[in-house]
Amino acid sequence: EFRASIVSVSVYSVVGFITYFAVQAGFIEVYGDAGKRGWGYFWAVTLLMIVVQDTYFYWMHRLLHMPALMKYSHYYHHKSINPSPWTSYSFDTIEAAGHALFVPLYLLFVPMPGFGVFIFMGHMMVRNAIAHSGYEIYPRWWAKNPVMGWINLVTHHDMHHSNGQTNFGLWFTWWDRWMGTEHPEYLARASGDPIARRGGAFGPKAALQIHQR
């Protein structure tokens, strides 16, 4: 995991250098004055970047789980059945490049304050390490809360590593819930309530059907 993480960080660094030169050349706008376009814009594009990355990750993650791609692009990450923080960036080169490309792709379309990019990167690194920590550090009651329940708990990604067929989301549960790919036992395991289940068409029944197929 440590060796693979070094390779992944190298890939991220190369993409980072390319992004830097793209900014210098004027192809991408990243500006220093955080309040240049107003603080409403600052927080809107920063939060949007996190939300859009979650969507990007979900669909790329599902693509990487296709048998034709899994062996060459995502297999190494899934060698960790019980993840640790070192698993966070333990990627195959292709997967590392796919993750790293999100930032320049987003910046091509959305002018960003530099400090907003810094917040995004900090959020990504900290939450990624937490998600792979192997310890549930979030309050259990979040899982069933109408608002906090949209946030992925550590248990959510733990179950993905042990199962591999469900819980593809990164930061939030909404894509898994909407697409029926959330593990049917996630809510019970995360909350500690053995009878807790999702209701509705996008809940456990849809997830169970996908799991069975």
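**View 1. The buried residues of helix α5 and the elements around them.** The buried residues of α5 pack against α1, β1 (30-31), α2, α4, β2 (112-113) and α6. These buried residues are F102, V103, P104, Y106 and L107. The view, like those that follow, comes from a predicted model. Two of the residues, Y106 and L107, appear again in the next view, being among the members of the largest nonpolar core that touch the most other members.

**View 2. The largest nonpolar core.** This core has 29 residues, and those touching the most other members are M49, Y106, L107, M112 and F120. Two or more residues come from each of the elements α1 (2-24), α2, α4 (93-100), α5 (102-109), α6 and α8. Helix α2 gives the most, with five residues. Another core lies apart from this one and has eleven residues, among them L153, V154, Y186 and L187.

**View 3. The surroundings of M112.** Which residues are in contact with M112, once its neighbours within four places in sequence are left aside? They are E29, V30, Y31, V45, T46, M49, Y106, L107 and V117. Three of these contacts, M49, Y106 and L107, are listed together with M112 among the core residues that touch the most other members. Another contact of M112 is E29, whose side chain also forms a salt bridge with R37.

**View 4. The packing of helices α2 and α6.** Two packed helices are described by the angle between their axes and by the distance between the axes. For α2 (residues 39-64) and α6 (residues 114-131), the angle is about 35° and the axes are 9 Å apart. Their crossing is right-handed. On the α2 side, the residues that meet α6 are F42, W43, T46, M49, I50 and Q53. They face F115, G116, I119, F120, H123 and M124 of α6. Divided by type, the residues of this contact are eight nonpolar, four polar and no charged. Both helices also give residues to the largest nonpolar core.

**View 5. Q53 within helix α2.** Q53 is found in α2 and is one of the residues of that helix that meet α6. Is Q53 buried or exposed? Its relative accessibility is 7%, so Q53 counts as buried, the limit for buried being under 20%. Leaving aside neighbours within four places in sequence, Q53 is in contact with F102, F120, M124, L170 and W171. Of these, F120 and M124 belong to the α6 side of the helix contact, and F102 is a buried residue of α5.

**View 6. The salt bridge of E29 and R37.** Side chains of opposite charge can pair when their charged atoms come close. Five salt bridges are found in the whole structure. One of them joins the side chains of E29 and R37, with 3.0 Å from N to O. E29 is partly exposed, at 29% relative accessibility, and R37 is also partly exposed, with a relative accessible area of 39%.

**View 7. Two salt bridges between loops.** The side chains of E182 and R198 meet in a salt bridge of 2.7 Å, N to O. E182 lies in the loop between α8 (174-179) and α9, and R198 in the loop between α9 and α10, so the pair ties together parts that are 16 residues apart in sequence. Both residues of this pair, E182 and R198, are buried. Elsewhere, salt bridges that share partners join E29, K36 and R37 into one network. The second bridge of this view is between K144 and D193, at 3.0 Å from N to O. It links distant parts of the chain, with K144 in the loop between α6 and α7 (154-163) and D193 in the loop between α9 (186-191) and α10 (204-212), 49 residues apart. K144 is partly exposed at 46% relative accessibility, and D193 is partly exposed at 23%.

**View 8. Two loop asparagines, N145 and N167.** N145 is placed in the loop between α6 and α7 and is partly exposed, at 24% relative accessibility. From C-alpha to C-alpha, N145 and S191 are 9.8 Å apart in space, while in sequence they are 46 residues apart. N167 is found in the loop between α7 and α8. N167 is buried, with a relative accessible area of 0%. Phi of N167 is near 55°, a positive value in a residue other than glycine.

Note on methods: Residues numbered from 1 in each chain as written. Predicted model: local features only at pLDDT ≥ 70, side-chain atom pairs only at ≥ 80, totals over all residues. Heavy atoms only, no water. Axes fitted to C-alpha atoms, helices over the stretch in contact; angles between N-to-C directions. Helix = DSSP H or I, 4+ residues; strand = E, 2+ residues; numbered from the N terminus. Left-handed = near helix turned anticlockwise from the far one by under 90°. Contact = heavy atoms within 4.5 Å. Nonpolar A, V, L, I, M, F, W, Y, C, P; charged D, E, K, R; others polar. Salt bridge = Lys/Arg side-chain N within 4 Å of Asp/Glu carboxyl O. Buried < 20%, exposed > 50% of the residue type's maximum accessible area, 1.4 Å probe, protein only. Core = buried A, V, L, I, M, F, W, Y, C linked by side-chain atoms within 4.5 Å.
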